[in-house]
Number of protein chains: 2
Amino acid sequence: MSTNLPETADDPTAPAPETPADIPRLDVHALNSDSSALARKFDGMVSEETIERIVFESYTTLHRSARVKTHLAALAKHFAEDRIRALAVARGAIEATVPQVLFVDTLNTGRSQIASALLTHYAGGNVEVRSAGTSPGHEVHPQVYEAMDARGVALIRAFPKPLTDDVVRVSDYVVLLGDVDEPPRYEGKEYLTWDVAAAKDASVDEVRAIVDDLDSRVRALWAEIEPADEQTEATAPSPA
Amino acid sequence: MSTNLPETADDPTAPAPETPADIPRLDVHALNSDSSALARKFDGMVSEETIERIVFESYTTLHRSARVKTHLAALAKHFAEDRIRALAVARGAIEATVPQVLFVDTLNTGRSQIASALLTHYAGGNVEVRSAGTSPGHEVHPQVYEAMDARGVALIRAFPKPLTDDVVRVSDYVVLLGDVDEPPRYEGKEYLTWDVAAAKDASVDEVRAIVDDLDSRVRALWAEIEPADEQTEATAPSPA
């Protein structure tokens with residue numbers, strides 16, 4: 001295809017003058033390298049072709065919503081890996097030994113991040129927790145970090161992510177926060193709806209109240225869904 | 001995983017009372033059937049696993065942004081098929097005999113839809129045209145339909161779609177409309193930036209002016225990128 005485009009200023013198709021150095025180039029090499037590493041990790045579970053697609057599409061979709069583009073390749077790799085693992089677990093290629101819980105709200109910048117961090121805090125490795133937004137915002141609200149910090153609960157690798165099919169598919173429990181515009185439901189999953197205020201535009205004190213509200217909901221949820229063998233293990237007599 | 005959740009009203013984790021009939025169920029059967037049909041169509045080009053993922057993720061991502069959810073499964077199938085074809089062409093599994101052009105703006109509800117329809121109108125089957133938005137809106141603006149109707153150019157199967165990696169990857173030309181927050185660029189493609197007003201909140205007269213502006217830009221672009229063999233075919237003497 002010849003690309004002999006006009007460069008004259010009065011031609012409407014002429015590209016605007018631009019310094020090549022100003023325009024970020026897609027680091028195809030890094031994304032291909034991430035894909036290869038994940039293909040080795042999930043060998044025999046998800047094909048290399050599918051993994052490559054998930055890596056590049058995860059990067060593209062995060063780039064569309066993220067405000068800060070630095071470290072985006074690293075975040076995209078984490079997002080892609082979580083999606084690939086979700087697929088592998090959903091298919092039974094990796095055995096799910098703990099409940100799979102997904103928190104969904106609109107922005108994935110406040111409520112769903114708080115709930116996710118709290119459940120991880122209480123349940124530790126006895127649950128796999130994910131969160132997503134139907135219309136992901138640009139970044140996690142600073143007040144959310146402040147309020148969680150005050151409570152001593154870390155927000156680890158928290159960034160807004162779009163709701164994808166793979167993370168819904170793997171979930172045993174899907175918790176919908178606020179009046180989120182949720183996708184049609186899969187059969188065989190437990191859907192819960194929590195009426196919780198939004199952290200967006202809330203003061204630090206208001207966010208603390210939201211954290212308190214979510215804290216009691218999360219603890220009650222965990223008391224219900226904690227696998228029975230975990231609950232009884234400590235008290236059950238050892239097998240002879 | 002046992003799901004013995006409490007149903008009492010004072011328990012914060014109790015699901016809100018809901019009529020099961022009110023809650024749409026995901027039509028897994030229809031999406032699986034679409035996946036199978038597309039896997040047969042692209043047999044040997046893109047794997048069935050990857051196709052199934054693209055179908056389900058296309059549905060999920062359109063559902064997140066579409067206002068009207070009826071016909072969404074049909075639109076998602078078209079979107080998925082276009083993405084799968086883009087992948088197959090980008091890999092050379094399908095030979096690209098015509099230039100591949102992508103129009104990108106923020107919403108994919110106005111400018112990029114107009115430009116896409118105009119180029120298809122002028123170039124017919126001698127080009128493959130796609131459009132996408134970095135933050136897709138809910139629906140194509142009604143004034144856009146009106147203005148294009150007045151010009152006798154059809155908007156066929158026009159719906160807002162998110163920018164994905166596959167449709168960028170296949171493109172020879174990526175035309176960025178307005179101050180779109182574009183993703184990092186691939187090497188080896190021609191990127192153009194057109195400073196065109198947004199159709200959002202514009203009157204029908206204003207949209208007509210936008211259509212006029214895009215019309216001259218699109219015709220000039222097509223005059224430049226039209227493959228040489230198409231341009232000369234009509235006047236070149238027949239081979240002896």
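The following questions and answers concern a predicted model and look at its confidence, one annotated stretch and two helix packings.

Reader: What does the model score for ipTM and pTM, and what pLDDT does chain A average?

Author: This is a predicted model, and in chain A 86% of the residues score a pLDDT of at least 70. The scores of the model are ipTM 0.87 and pTM 0.88, while the average pLDDT of chain A is 88.

Reader: Over which residues of chain A does pLDDT stay under 50, and how many contacts beyond four places in sequence does the model have for them?

Author: Where pLDDT is low, the predicted coordinates should not be read in detail. For residues 1–12 of chain A, where pLDDT stays under 50, the model has 26 contacts beyond four places in sequence. For residues 232–240 of chain A, where pLDDT also stays under 50, the number of such contacts is zero.

Reader: Which residues of chain A does UniProt list for "domain: Phosphotyrosine protein phosphatase I", and how far apart are the end C-alpha atoms?

Author: The annotation comes from an unreviewed UniProt entry, which lists residues 99–224 of chain A. Over residues 99–224 the chain is 39% helix and 17% strand, and the distance between the end C-alpha atoms is 11 Å.

Reader: Are helices H1 and H3 of chain A roughly parallel or roughly antiparallel?

Author: Helix H1 (residues 28–41) of chain A packs on helix H3 (residues 72–90) of chain A at an angle of about 25 degrees, the axes being 11 Å apart. Since angles under 35 degrees count as roughly parallel, H1(A) is therefore, with respect to H3(A), roughly parallel.

Reader: Which residues of H1(A) and H3(A) meet, and how many of them are charged?

Author: From H1(A) come A:Asp34, A:Leu38 and A:Lys41, which meet A:Ala73, A:Lys77, A:Ala80, A:Glu81 and A:Ile84 of H3(A). By class, this contact has four nonpolar and no polar residues, and the number of charged residues is four.

Reader: Why are H4(B) and H7(B) oblique to each other?

Author: The axes of helix H4 (residues 111–123) of chain B and helix H7 (residues 204–225) of chain B come within 9 Å, and they cross at roughly 45 degrees. Angles between 35 and 65 degrees fall outside the roughly parallel and roughly perpendicular ranges, so H4(B) and H7(B) are oblique.

Reader: Is the crossing of H4(B) and H7(B) left-handed or right-handed, and how many nonpolar residues does the contact have?

Author: The crossing of these two helices is right-handed. Among the residues making the contact are B:Leu118 and B:Tyr122 of H4(B) and B:Leu214 and B:Trp222 of H7(B). By class, the contact of H4(B) with H7(B) has three charged and no polar residues, and its nonpolar residues number 12.

Technical notes: Residues numbered from 1 in each chain as written. Chains lettered and ligands numbered in written order. Predicted model: local features only at pLDDT ≥ 70, side-chain atom pairs only at ≥ 80, totals over all residues. Heavy atoms only, no water. Axes fitted to C-alpha atoms, helices over the stretch in contact; angles between N-to-C directions. Helix = DSSP H or I, 4+ residues; strand = E, 2+ residues; numbered from the N terminus. Parallel < 35°, antiparallel > 145°, perpendicular 65-115°, else oblique. Left-handed = near helix turned anticlockwise from the far one by under 90°. Contact = heavy atoms within 4.5 Å. Nonpolar A, V, L, I, M, F, W, Y, C, P; charged D, E, K, R; others polar. pLDDT = per-residue confidence, 0-100. UniProt positions renumbered as here; feature names shortened; annotations may be inferred.
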